[in-house]
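Take a look at the protein shown here. This report walks through its pockets, its cavities, its strands and its nonpolar cores.

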Amino acid sequence: MAERESAAGQAAFRSPPFNQAAEQALLGAILINNEAYRKVAEFLRGDHFAVAVHGRIFEACGKLIDRGQVANPTTLRGFFEQDEGLAEVGGAEYLADLAEAAVTIINAPHYGRLIHDLHLRRQIINLGEDLVNEAFESDPDNSALTQIEQAEQKLFTLATTGQTEGGFQTFSTALTTAIEHAEAAHKRAGGLAGITSGFRDMDAKLGGLHSSDLLIVAGRPSMGKTALATNMAFYAAKVHDRARQDGVESAGGVTAFFSLEMSAEQLATRILSEQTEIPSEKIRKGDVNQDEFNRLITASQDLERVPLFIDDTPALSINAVRTRARRLRMQQGELGLIVIDYLQLLRGSNTENRALEISEITRGLKALAKELDVPGMALS
């Protein structure tokens, strides 16, 4: 019993993770050789340091180095003459102590990533505490599903802010990727490098819908934008289903269709109408004879395997679209195409300026297409 109470007491007083020695070693390396700063500046910021004065030293080094000046204990002395935080740890002499604790420039990126990782862990802890506190509050305007979407968005932002991956790649690497795409197109029927649109002329012009592209289908009201997008989405999913059954390379893909204007039932009726050649008005009114009804049943049985997923939630936010698309990919193990019907019905965070809100939504959709490596299509 006493052991359990002791363990509980230790858990209650756990301090957030940080490594003061790693922060000192990295700063020392920068003060001795400013090239160490350039090796970590892409992903590391001053607020990533657990010790606040270390973050200020890092930022001061960056200011001097960016100006083409040398950052060392002597040149930094003027920055910190009035800094009470530095005075508490030994004043300007502390900068010299840091230089003595330096690691080699080879190890600088390793220490930088360690500091960044510990920063992320502290942010995760803060996010978890906020999530728990919000869940305990009974706010009718902040439902559980809204809190989940907000938490997922915060986690996504945390994962992409200051990430250590990425950067330049050699031209030979890019060439290899281009050849792989050309080989995939060569093996596919019709020579498509991307997802088929279902329209021969369009595929001939575009080579299919390419991953990470955002296509805007614009037109006046009642010009057939939804009909076009529905046909493309359904055909891509249908081709993928056939290829999956035949065990061949697919020119289609699992499709996510966000219908903010029409209901899922209306879209399904349209597709049924096109596949059975029965007018959608007759289907909606039930004005069909027995033969037509049998065709509807047969067609529905054939179409129910098609991996087309429709979300008809109205007034979705761009964050919710991102969350649900990622969730669908996790559930299905893949995702080939995202369709938004339509752009102006999405919500952004900047509700006071509609132009800025639309710009934010467009940027968010492009980022989502690139993140998931799928083509995105938005009607406008």
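About 400 Å³ of space lies in the second largest pocket. This is a predicted model, and every value in this report is computed from it.

**The pocket**

The second largest pocket has 16 lining residues. T146, E149, S317, A320 and R347 lie nearest its centre. Which helices each supply at least two residues of this lining? They are α9 and α16, and α16 spans residues 318-332. The lining is mixed: five of its residues are nonpolar, six are polar and five are charged.

**The cavities**

Now turn to the enclosed spaces. The structure holds two cavities of 30 Å³ or more. The table sets them out.

| Cavity | Volume | Nonpolar lining residues | Polar lining residues | Charged lining residues |
|---|---|---|---|---|
| Largest cavity | about 50 Å³ | seven residues | one residue | no residues |
| Second largest cavity | about 40 Å³ | three residues | two residues | three residues |

Start with the largest cavity. L214, I338, I340, L365, L368, A369, G376 and M377 line it. Three elements give two or more residues to this lining: β4 (337-341), α17 (354-372) and β5 (376-379). The largest share, three residues, comes from α17. No residue of this lining is charged.

The second largest cavity has another set of walls. Its lining residues are L127, D130, L131, E134, Q147, Q150, A151 and K154. Two helices, α8 and α9 (144-160), each supply at least two of them. Three residues of this lining are charged. Helix α9 also supplies at least two residues to the lining of the second largest pocket.

**Strands beside the largest cavity**

Strand β5 gives two or more residues to the lining of the largest cavity. Which strands pair with β5? One is β1 (residues 214-217), which pairs with β5 in the parallel sense over four bridges. Another is β4, which pairs with β5 in the parallel sense over three bridges.

G376 takes part in both pairings. The bridge partner of L214 in β5 is G376. I338 also stands opposite G376. L214, I338 and G376 are among the residues that line the largest cavity.

Are the two faces of β5 covered or open? Both are covered. On one side, G376 and A378 are buried. On the other side, M377 and L379 are buried too.

**The nonpolar cores**

In soluble globular proteins, nonpolar side chains tend to be buried together. How many residues make up the largest nonpolar core here? The count is 27. L26, I30, L44, I57, F58, C61 and L76 have the most contacts inside this core.

Several helices build it. The elements that give two or more residues are α2 (20-32), α3 (35-40), α4 (52-66), α7 (93-100) and α8 (108-136). The most comes from α4, with seven residues.

Follow L76 for a close view. Leave aside its neighbours within four places in sequence. L76 is then in contact with L31, I57, A60, C61, L64 and L95. I57 and C61 are, like L76, among the core residues with the most contacts inside it.

A second, separate core has 25 residues. It includes A236, I283, A299 and L379. L379 links this core to the strand described above: it is one of the buried residues of β5.

Definitions and conventions: Residues are numbered from 1 along each chain as its sequence is written. This is a predicted model: local features need pLDDT of at least 70, side-chain atom pairs count only at pLDDT 80 or more; totals for chains, interfaces and linings use all residues. Side-chain values use heavy atoms; hydrogens and water are left out. A nonpolar core is a set of buried Ala, Val, Leu, Ile, Met, Phe, Trp, Tyr and Cys residues joined through side-chain atoms within 4.5 Å. Buried means under 20% relative accessible area, exposed over 50%, partly exposed in between (1.4 Å probe, protein chains only). Contact means heavy atoms within 4.5 Å. On a 1 Å grid over the protein atoms alone, a cavity is a set of points where a 1.4 Å probe fits but cannot get out, and a pocket is an open set with protein on both sides within 12 Å along at least five of seven lines; lining residues have an atom within 4 Å of a point. Grid points are joined across faces, edges and corners, and a volume is the space filled by probe spheres set on the points. Ala, Val, Leu, Ile, Met, Phe, Trp, Tyr, Cys and Pro count as nonpolar, Asp, Glu, Lys and Arg as charged, and the others, Gly among them, as polar. Two strands pair if DSSP finds at least two bridges between them.
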